[in-house]
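User: I should like to learn how to read the strand pairing, salt bridges and surface features of a protein model. Please take each feature in turn, with the general idea before the particular case.

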Amino acid sequence: MSEHDPSQLRISDADRHRVAEVLREAAAEGRIDLEELDERLETAYAAKVYADLVPITIDLPGDSRLPVPAQPQPQPRPMAVPDGLPAAEYPTSIAVMGGVDRKGVWQVGESHTAVAVMGGICIDLRQARFTSHETVINAYTFWGGIDVLVNAGTRVIVDGVGIMGAFEQGRDKVAPDIGPDAPVVRVKGFALMGAVSVTRKAMPGEPGPLRRKMLGH
């Protein structure tokens, strides 16, 4: 076992029981069938290190909504940055014992995958340019943290699980102002002994509610 690879750390019986409970809840919700439940439970109780838990939890919870006809959405053109070049696009953000920040004007495709292992990632979508109406942020963290920031006009769906950690939408810093054509950001994945947090904040440079009150606005 490498001391630099936390995924190879030994797990405890409490860890196995926690994952087993997540699997049973997934079966009760119809995400997996009873045969899959038995197979995954067997794997969970036989697991030795944290990496053994990833294959049996990485697809939970999935998107359980019934399929609906897709509405055609206009494809926005990438916003040009001041030097005339198109906004940069980053399909992934990976932080291992370090940090990654995605902020400012950047282009986001249909999905973006963030992986933080003993590190931190900030995905600031407030000035991002989306290429599709719905964007999926796949967030996975182990002993780390992933912060997702959205503006007042973005619809957010948080669909992840925290295993000895937190996967949640934090308290809004600004009031939502969501129109019928608002972009949708769906945050999925899991936080294993870590945290994934989604926060709605004012646009960069704009004062928040407290600041506006102090300024008398």
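User: In which sense do β5 and β8 pair, and over how many bridges?

Analyst: Strands of a sheet pair through backbone hydrogen bonds, either parallel or antiparallel. In this predicted model, β5 and β8 pair in the parallel sense, over 5 bridges. One residue pair can be picked out on the display: Gly120 has Gly145 in β8 as its bridge partner.

User: What stands opposite Gly120 in β5?

Analyst: That position is faced by Gly99. The pairing concerned is that of β2 with β5, which is parallel and runs over 4 bridges. Another pair to locate is Arg102 with its bridge partner Ile123 in β5.

User: In what order do the 5 strands of this open sheet stand?

Analyst: The order is β2-β5-β8-β12-β10, with parallel pairing. At the edges are β2 (99–102) and β10 (166–169), each of which pairs on one side only. On average, neighbouring strands here are turned by 10° against each other, direction ignored.

User: Which strands make up the open sheet that contains β1?

Analyst: That sheet also has 5 strands, in the order β1-β4-β7-β11-β9, and its pairing is parallel. The edge positions belong to β1 (92–96) and β9; each has a single partner strand, so one side of each is left without a neighbour in the sheet. The average turn between neighbouring strands of this sheet is 10°, direction ignored. Within the sheet, β1 and β4 pair in the parallel sense over 5 bridges. Ala95 stands opposite Ala116 in β4.

User: Let us turn to charged side chains. How many salt bridges does the structure hold?

Analyst: Side chains of opposite charge can pair when their charged atoms come close. The structure holds 3 salt bridges. One of them joins the side chains of Arg126 and Asp124, with an N to O distance of 2.7 Å.

User: Are Arg126 and Asp124 buried or exposed?

Analyst: The cut-off for buried is under 20% relative accessible area. Arg126 has 12% and is therefore buried. Asp124 has 8%, so it is buried too.

User: Where do Arg186 and Glu134 lie, and what does their salt bridge tie together?

Analyst: The closest N and O atoms of Arg186 and Glu134 are 3.1 Å apart. Arg186 lies in strand β11 (residues 184–192) and Glu134 in strand β7 (residues 134–142), so the salt bridge ties together parts that are 52 residues apart in sequence. As for accessibility, Arg186 is buried at 3%, whereas Glu134 is partly exposed at 29%.

User: What is the N to O distance in the salt bridge of Asp172 and Arg200?

Analyst: Their side chains meet at 3.5 Å, N to O. Asp172 belongs to the loop between β10 and β11, and Arg200 to strand β12 (residues 195–200); the pair therefore ties together parts that are 28 residues apart in sequence. Asp172 is partly exposed, with a relative accessible area of 28%. Arg200 is buried, with 4%.

User: How should one read residues in loops? Where is Thr154, for example?

Analyst: It helps to combine position, accessibility and contacts. Thr154 sits in the loop between β8 (145–150) and β9 (155–163). Its relative accessibility is 2%, so Thr154 counts as buried. The side chain of Thr154 is joined to that of Asn151 by a polar contact of 2.7 Å.

User: And where is Met203 found?

Analyst: Met203 is in the loop between β12 and α4 (209–215). This residue is partly exposed, with a relative accessibility of 26%. Met203 and Val150 are 53 residues apart in sequence, and their C-alpha atoms are 8.6 Å apart in space.

User: Finally, which residues form a nonpolar patch on the surface?

Analyst: The patch consists of Ile94, Val96, Met97, Met118 and Trp143, which together have about 490 Å² of accessible area. A residue needs over 30% relative accessible area to be counted in a patch. Met118 has 34% and is partly exposed. Met118 is placed in the loop between β4 (111–117) and β5 (120–124).

Definitions and conventions: Residues numbered from 1 in each chain as written. Predicted model: local features only at pLDDT ≥ 70, side-chain atom pairs only at ≥ 80, totals over all residues. Heavy atoms only, no water. Patch = residues over 30% accessible without salt bridge, like charges linked within 9 Å, V, L, I, M, F, W, Y side chains within 5 Å. Areas by Shrake-Rupley, 256 points an atom, 1.4 Å probe, with all protein chains shown as cover. Salt bridge = Lys/Arg side-chain N within 4 Å of Asp/Glu carboxyl O. Helix = DSSP H or I, 4+ residues; strand = E, 2+ residues; numbered from the N terminus. Buried < 20%, exposed > 50% of the residue type's maximum accessible area, 1.4 Å probe, protein only. Pairing = 2+ DSSP bridges. Axes fitted to C-alpha atoms, helices over the stretch in contact; angles between N-to-C directions. Polar contact = N/O pair within 3.5 Å; in protein donor to acceptor, adjacent residues only side chain to side chain.
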